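Open the model in your viewer and keep the sequence panel visible. The stops below say what to select and what is there.

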Amino acid sequence: MVAAATMSLPERAREGRNYDYRYVWIRDQCITGQAIAKSGPLPLMDDAVRFVTERLLEDGAKLVPAYTVTGDAVPDQRELDLPGYPGGTDVVGNWVNQQFQLDAFGESLLLFAAAAGHDHLDADGWRAVEAAVKAIEERWHEPDAGVWELEPDAWTHSRLICAAGLRQIARHQAGDQAARWLILADAIVADTSEHALAPAGHWQRSPTDARLDAALLLPAIRGGIPADDPRTIATLEAIAANLTRDGYCYRYRPDERSLGQAEGAFLMCGFLMALAWSQQGNHVKAARWFERTRAACGNAGLLTEEFDVRQRQLRGNLPQAFVHALLLQCAVTEPDGT
């Protein structure tokens with residue numbers, strides 16, 4: 001499943017933020033597989049597991065963030081001799097092929113755990129689990145590009161998602177192996193808490209970046225940190241107070257400009273807010289976030305990655321896969337969070 005069906009539709013006109021998303025991002029595939037595991041049809045989940053399993057068994061700790069639909073390398077980014085979309089440029093290929101994204105291993109474990117919950121993880125899948133765990137053991141101290149594909153840093157989200165994946169897959173294993181995975185998860189959380197917890201008690205983006213990040217809602221949603229942990233609650237409240245406007249959520253503040261000037265609201269993050277409030281038992285807020293975020297869709301009922309709140313316009317490539325995956329997960333999540 002590709003991350004989007006289009007290429008080079010600009011997130012911001014004339015700012016060079018035009019990307020080719022017609023490739024399979026491991027993260028997007030895993031997020032979608034987890035949503036399908038809650039709703040069906042399970043053959044779609046099986047397809048996600050198969051693709052991720054094959055990539056891990058082939059590449060192991062050298063897993064890259066994205067592949068072509070045939071499992072080959074994503075071509076380097078280049079421009080075509082075409083006019084492009086108004087305000088955009090004619091970009092094809094993607095520089096993600098040169099990145100390391102640690103969270104892809106954690107997301108893979110979360111996908112495998114979801115499949116195991118349906119008894120749909122075969123012997124190759126369990127071999128891929130071991131490959132993902134080994135990669136986390138070897139590389140979790142390394143700087144990575146993170147969920148938003150930025151400059152390498154010790155991104156908090158990447159580490160906590162790995163802890164979530166380790167905890168969830170351990171629920172489907174027994175004995176010393178499961179204990180080893182839980183010990184590793186505990187070590188990652190303890191180290192991250194020591195270096196990337198803000199004085200106010202919420203998670204910050206990295207040890208050197210004190211800003212908030214809406215992606216930091218996801219580790220608790222996935223079970224990496226307890227829902228009633230003070231760090232979880234402080235993070236949700238801080239994001240609600242500082243990264244939201246007019247019922248939409250932004251991923252982080254890129255600079256000193258007010259929300260909405262640097263980039264649009266991030267629709268994935270609006271659905272994360274819905275899941276986070278549901279997990280806290282505040283079903284009214286959860287429903288409001290779900291309805292407000294899904295209302296950003298165009299006439300065809302599809303969503304992009306970003307939404308310009310002031311102009312009420314979708315921004316970027318269409319449709320964006322992980323946004324629809326989280327919409328699906330919100331739609332099938334019961335009031336008790338199941």
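Select Pro319, which sits in the loop between strand 9 (313-315) and helix 11 (321-332). The model is predicted, and in it the peptide bond from Leu318 to Pro319 is cis, with omega near -15°.

Next, go to Pro41, in the loop between helix 1 and helix 2. Here the bond from Gly40 to Pro41 is cis, with omega near 0°.

Now show the helices on either side of that loop, helix 1 (26-39) and helix 2 (42-59). Their axes come within 8 Å and cross at roughly 150°. Helix 1 is therefore roughly antiparallel to helix 2, the angle being over 145 degrees. Helix 1 passes helix 2 in a left-handed crossing. To see the contact, select Ile26, Gln29, Cys30, Gly33, Ile36 and Ala37 in helix 1, which meet helix 2 residues including Leu42, Met45, Phe51 and Arg55. The residues of this contact divide into 10 nonpolar, 2 polar and 1 charged.

Move to a second pair, helix 5 (156-170) and helix 6 (175-196). The axes of helix 5 and helix 6 come within 9 Å and cross at roughly 155°, so helix 5 is roughly antiparallel to helix 6. The crossing of helix 5 past helix 6 is left-handed. Among the residues that meet here are Leu160, Leu166 and Ile169 in helix 5, and Trp181, Leu182 and Ile188 in helix 6. The contact of helix 5 with helix 6 has 14 nonpolar, 2 polar and 3 charged residues.

Which residues have the most contacts inside the largest nonpolar core? Select Leu109, Phe112, Ile136 and Leu166; the core they belong to has 47 residues. Helices 1 to 6 each supply at least two residues of this core, and the largest share, 9 residues, comes from helix 3. Center on Phe112 and show its surroundings: leaving aside residues up to four places away in sequence, Phe112 touches Val49, Val52, Thr53, Leu56, Leu121, Gly125, Ala128, Val129 and Ile169. A second, separate core of 46 residues includes Ala164, Tyr252, Leu259 and Leu326.

Two loop residues remain. Asp119 lies in the loop between helix 3 and helix 4. Asp119 is not a glycine, yet has a positive phi of about 60°. Is Asp119 buried or exposed? Asp119 counts as exposed because its relative accessibility is 69%.

Finish at Asp246, in the loop between strand 5 (244-245) and strand 6 (248-249). Asp246 also has a positive phi, near 55°, and at 41% relative accessibility counts as partly exposed.

Definitions and conventions. Residues numbered from 1 in each chain as written. Predicted model: local features only at pLDDT ≥ 70, side-chain atom pairs only at ≥ 80, totals over all residues. Heavy atoms only, no water. Core = buried A, V, L, I, M, F, W, Y, C linked by side-chain atoms within 4.5 Å. Buried < 20%, exposed > 50% of the residue type's maximum accessible area, 1.4 Å probe, protein only. Helix = DSSP H or I, 4+ residues; strand = E, 2+ residues; numbered from the N terminus. Contact = heavy atoms within 4.5 Å. Axes fitted to C-alpha atoms, helices over the stretch in contact; angles between N-to-C directions. Parallel < 35°, antiparallel > 145°, perpendicular 65-115°, else oblique. Left-handed = near helix turned anticlockwise from the far one by under 90°. Nonpolar A, V, L, I, M, F, W, Y, C, P; charged D, E, K, R; others polar.
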